[in-house]
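Reader: Please take me through the sheets and helices of this chain. I want short answers that end on a value or a name.

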Amino acid sequence: MALSDAEQRVCDAVEAGRESLVELASELIGFDTTARAVGDPCRDEVALQEYLARRLSGVGASVDVWEPDAAAMAGKPLVPPGLDFGGRPQLIASVAGRGGGRSLVFNGHVDVVSAEPVSSWSSDPFVGVVRDGLLYGRGACDMKGGIAAMVFAVEVLCSLGVELRGDLLIATNTDEESSGAGGTALVEHGLQADAGVVTEPTGFQVWTCCRGSEYGVVRVPGRPGHAEVRQPDWRLGGAVNAIEKAVVVLDAMSSLRRVWESRPELSHPLLSPPSLLPTLARAGEWPVTYPASCDLTIAVMYLPVQADDSGWGSDVRQEVSDWIARECAQDEWLREHPPTIEWWPNSVMPFELSPDEPVVGVLSAASADVGQPGRLGGLDSWYDGATLTQLGGIPSVGYGPPGFSAEGVSVAHMIDEYVPVDGLVACAQALAVAAMRFCGM
């Protein structure tokens, strides 16, 4: 459909305010909100959320900023043991509708990955700089640019006096890059809406699905002994090289990966096949000693169809464990000294949204009407849309500005991360139009 006069007026206002949009994104980049491990000190999370709260309350939104209670959050999905939210508040803002319409929430995470090595950047990663139409800075792409676009869209709608029938919400959370706990905090606080849009850098695709992941450590046993002395057979007490035995586990992982790739039911139109690979290896106690063990950290990425009845990865864990055990049993040493797998306590769930969900069609059409493709897509990794959908009951999609270079390389997390300014403008326009159509005028 073509833009209505009211929609065109909103889009024109967004275009006219592109410098203000860039300034907003640059302000967000200026807050150091580097993702943390459990126990790390807080950074600029309070300052950033308070900055957004001031802006949103300034256009008439009601704003709730709070620090989740660590004790109440302990044991919740995606919350690592020992996580403390002190100095890391969450935010939910709401522009009340006149009634009779659907509610919509725009969501984004405020944390960013480390900017190290800072010396490799062309400019200060925490100072937004525009060069050749691209805004550079840590988080410009993932995902402070998307947050700026969604906040600016709301500000423009409010400043023009556009009255929606349904409520329009903004929710910004911490702890996406490190765990997913921030999204859980929003859900536990009572975030509710008829649909959600997570403004990840999708390149104007409408993400309707993502893979889940499980991580664990496979400990492969060996038997220490002098590396410079010829060893007898292990049955006679000789040493066993745990690194060499780890090759059996690696081969088992490769074979399962090939099996997954060959299964027709594990072919997905928007996602890559499930995968299983090693990401870390640790072994050895001394250069002149056979290693007593070899620890392999493994990453398992799986499709929504592989999830268990509760939507998580217990079935996949069991399949991986059984496969590795069966393959290792063909090795005489490992048959009598089987590897163990210690799965990480926290994992992330996959999700898949029907393309018939109203938000999918509304957002796809809005994107196309502002000149962007709006094709369906999915994320091979994971994002907070899964949390809002699976835990919060809010059918949510991903939609945001470009996240790839012209050569098809992801610019998220990279040195000299950037987002195109034109992409920010188009994203804010599409979000504003989608809100007008979804919430109703």
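Author: A starting definition: two strands pair if DSSP finds at least two bridges between them. The model is predicted.

Reader: What is the strand order in the open sheet of four strands?

Author: The pairing in this sheet is antiparallel. The sheet is open, and its four strands follow the order β10-β11-β9-β12.

Reader: Why is one side of β10 and of β12 left without a neighbour in the sheet?

Author: Strand β10 covers 275-283 and β12 covers 340-343. Each has a single partner strand, so one side of each lacks a neighbour in the sheet. The reason is their position: both stand at the edges.

Reader: By how much are neighbouring strands of this sheet turned against each other on average?

Author: Direction is ignored for this value. The average turn between neighbouring strands of the sheet is 25°.

Reader: Over how many bridges do β9 and β11 pair?

Author: β9 spans residues 212-221, and β11 spans residues 293-302. They pair in the antiparallel sense. Tyr215 faces Ala299 in β11, and Val217 faces Thr297 in β11. The number of bridges between β9 and β11 is 10.

Reader: And how many bridges join β10 to β11?

Author: These two strands also run antiparallel. One of the facing pairs is Pro278 with Ile298 in β11. The bridges joining β10 to β11 number eight.

Reader: How many of the 10 residues of β11 are buried?

Author: Buried means under 20% relative accessible area. By that cut-off β11 is mostly covered. Its count of buried residues is nine.

Reader: Which strands does helix α7 touch?

Author: α7 consists of residues 242-262 and packs on the four-stranded sheet. Its direction makes about 170° with that of β10. The strands touched by α7 are β9, β10 and β11.

Reader: What angle does the direction of α8 make with that of β12?

Author: Helix α8, residues 314-328, packs on the sheet too. It touches β9, β10, β11 and β12. Its direction and that of β12 make an angle of about 165°.

Reader: Now the open sheet of three strands: which strands stand at its edges?

Author: The order is β4-β5-β16, with antiparallel pairing. Direction ignored, neighbouring strands are turned by 30° on average. β5 (residues 134-136) pairs with β16 over three bridges, and Leu134 stands opposite Pro420 in β16. The edge strands, each with a single partner, are β4 (129-131) and β16 (418-420).

Reader: At what angle does helix α5 run to β16?

Author: Helix α2 (residues 18-29) lies across β4 and β5, at about 20° to β5. Helix α5 (residues 140-159) lies across β5 and β16. The angle of α5 to β16 is about 50°.

Reader: Are α3 and α5 roughly parallel or roughly antiparallel to each other?

Author: The axes of α3 (residues 45-58) and α5 come within 11 Å and cross at roughly 20°. α3 passes α5 in a right-handed crossing. The contact includes Leu48 and Leu52 of α3 and Ile147 and Val151 of α5. Angles under 35 degrees count as roughly parallel, and α3 and α5 are therefore roughly parallel.

Reader: Which residue follows α12?

Author: Helix α12, residues 421-439, reaches 27 Å from its first C-alpha to its last, close to the 27 Å expected. It is mostly covered, with 18 of its 19 residues buried. The residue that follows has a positive phi, near 85°: Gly440.

Notes: Residues are numbered from 1 along each chain as its sequence is written. This is a predicted model: local features need pLDDT of at least 70, side-chain atom pairs count only at pLDDT 80 or more; totals for chains, interfaces and linings use all residues. Side-chain values use heavy atoms; hydrogens and water are left out. Axes are lines fitted to C-alpha atoms, for helices over the stretch in contact, and angles run from 0 to 180 degrees between N-to-C directions. Contact means heavy atoms within 4.5 Å. The expected span of a helix is 1.5 Å times one less than its number of residues. Buried means under 20% relative accessible area, exposed over 50%, partly exposed in between (1.4 Å probe, protein chains only). Angles under 35 degrees count as roughly parallel, over 145 as roughly antiparallel, 65 to 115 as roughly perpendicular and the rest as oblique. A crossing is left-handed if the near helix is turned anticlockwise from the far one by less than a right angle, and right-handed if clockwise.
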